[in-house]
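Work through the exercises below with the sequence and the model side by side. Each task is followed by its solution in steps.

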Amino acid sequence: MSKHTRVRDGLALSRALPDRSLLTMVAAMSLLIALTFTAAVGAQSLSERWAKGAANLITVQVPDPDKTSVTDGRPAGRTRIESVLDALKTAPDIMRLHRLDEQELDTLLKPWLGNAGTAALPLPAVIEVDLTPGGVLSDDLVSTLVTSAPDTLIEKNDDWRSQLHTVARSLLFCSGLAIALVGAIGAAVIGMATRLGLGSRRESVTILHELGASDGYVARRFASRVAFLSFLGGLAGTLVSLPPIAILTHLMAPFSGSVPTATQNGESWLSILQDSLPAFWQGAAPHSLLIGLGCIPFVVTLIGWLTAQIIVRVWLRRLP
């Protein structure tokens with residue numbers, strides 16, 4: 001620290017509260033907070049997207065699809081699958097209907113059946129139904145489907161959506177707990193550094209206090225120094241976190257649907273970083289993530305300022 005700075009600092013706080021140690025600790029704390037916050041935002045974003053998709057997707061399974069359907073107890077002159085498809089086409093909340101063909105069924109069941117195929121198995125016909133946002137299958141339509149093709153199974157994804165929300169809430173709780181824990185540890189570290197600084201400048205602070213300096217004046221001097229170093233540490237930690245966060249945002253883009261590009265196999269990390277950073281600033285990252293990252297230096301500064309104020313005031317009150 002320069003001589004000129006020491007002259008302006010009457011309590012020599014630049015020596016009592018060294019720049020490097022406190023700044024490094026706060027930067028590490030801010031880096032952990034930034035990464036934890038990013039994980040929480042990513043989990044929340046993916047959960048909302050997947051739950052939204054699951055809520056609009058219904059699967060209809062029709063056993064014996066090629067048998068003749070029944071209407072009012074008599075053969076209807078068409079197959080069960082034709083009756084179900086015709087009934088579904090009349091529903092106003094259905095955006096898309098798609099009956100899986102044999103190849104798609106083979107692909108769907110390949111993890112369980114291997115390459116044996118499904119041609120020899122009496123499988124039901126499977127229909128994917130995409131509902132409009134907020135749309136539902138009416139009870140009358142469901143009754144019509146079951147009447148024209150008994151044993152038809154309609155699978156809704158409400159259970160999956162509920163489980164996804166539960167997982168998201170659990171992840172958010174764990175992330176919040178981790179951030180609070182890191183903040184508490186950071187406050188403890190800052191408090192310890194402040195106490196060490198008070199101890200090293202005990203004589204100067206005591207004389208100044210006996211000459212009439214108020215508790216608020218001394219606390220404000222220490223708190224200003226700690227807040228300044230905390231802001232620099234918070235800013236440094238947040239900036240260091242940006243490259244890995246940009247890469248993570250880029251890798252998660254195909255799952256979140258925010259960017260229609262995906263990482264190619266074998267692509268180097270340097271190349272991924274070169275693609276990730278411009279996309280990060282051009283809107284690939286959620287606004288909530290950017291706002292949260294921008295708040296970290298200021299939150300850390302506030303923690304440092306409050307901690308120093310409390311520690312110094314308590315220390316002064318205990319002076320004889």
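Aspartate 151 counts as exposed because its relative accessibility is 65%; exposed means over 50% relative accessible area, buried under 20%, and partly exposed in between, with a 1.4 Å probe and protein chains only. This is a predicted model, in which local features need pLDDT of at least 70 and side-chain atom pairs count only at pLDDT 80 or more, while totals for chains, interfaces and linings use all residues. Residues are numbered from 1 along each chain as its sequence is written, and side-chain values use heavy atoms, with hydrogens and water left out.

**Exercise 1.** Locate aspartate 151 and state the sign of its phi.

Step 1. Aspartate 151 sits in the loop between helix H6 (139–148) and strand S6 (153–155); helices (H or I, at least four residues) and strands (E, at least two) are DSSP runs numbered from the N terminus.
Step 2. Its phi is near 75°, a positive value in a residue other than glycine.

**Exercise 2.** Describe the loop that holds aspartate 64, and find the salt-bridge partner of this residue.

Step 1. The loop runs between strand S1 (57–62) and strand S2 (68–71).
Step 2. Phi of aspartate 64 is near 45°, again a positive value in a residue other than glycine.
Step 3. The partner is lysine 67, with the closest N and O atoms 3.8 Å apart; a salt bridge needs a side-chain nitrogen of Lys or Arg within 4 Å of a carboxyl oxygen of Asp or Glu.
Step 4. Aspartate 64 is partly exposed, because its relative accessibility is 40%, and lysine 67 is exposed at 51%.

**Exercise 3.** Which residues are linked with Arg96 in a network of salt bridges?

Step 1. Glutamate 128 bridges to arginine 96, with 3.5 Å between the closest N and O atoms.
Step 2. This pair links distant parts of the chain, glutamate 128 being in strand S5 (residues 125–131) and arginine 96 in strand S4 (residues 94–99), 32 residues apart.
Step 3. Aspartate 130 also forms a salt bridge with arginine 96, at 2.9 Å from N to O.
Step 4. Aspartate 130 is in strand S5 and lies 34 residues from arginine 96.
Step 5. Aspartate 130 is buried at 19% relative accessible area, whereas glutamate 128 is partly exposed at 26% and arginine 96 is partly exposed at 35%.
Step 6. The network therefore consists of Arg96, Glu128 and Asp130, as each bridge is a nitrogen–oxygen contact by the cut-off above.
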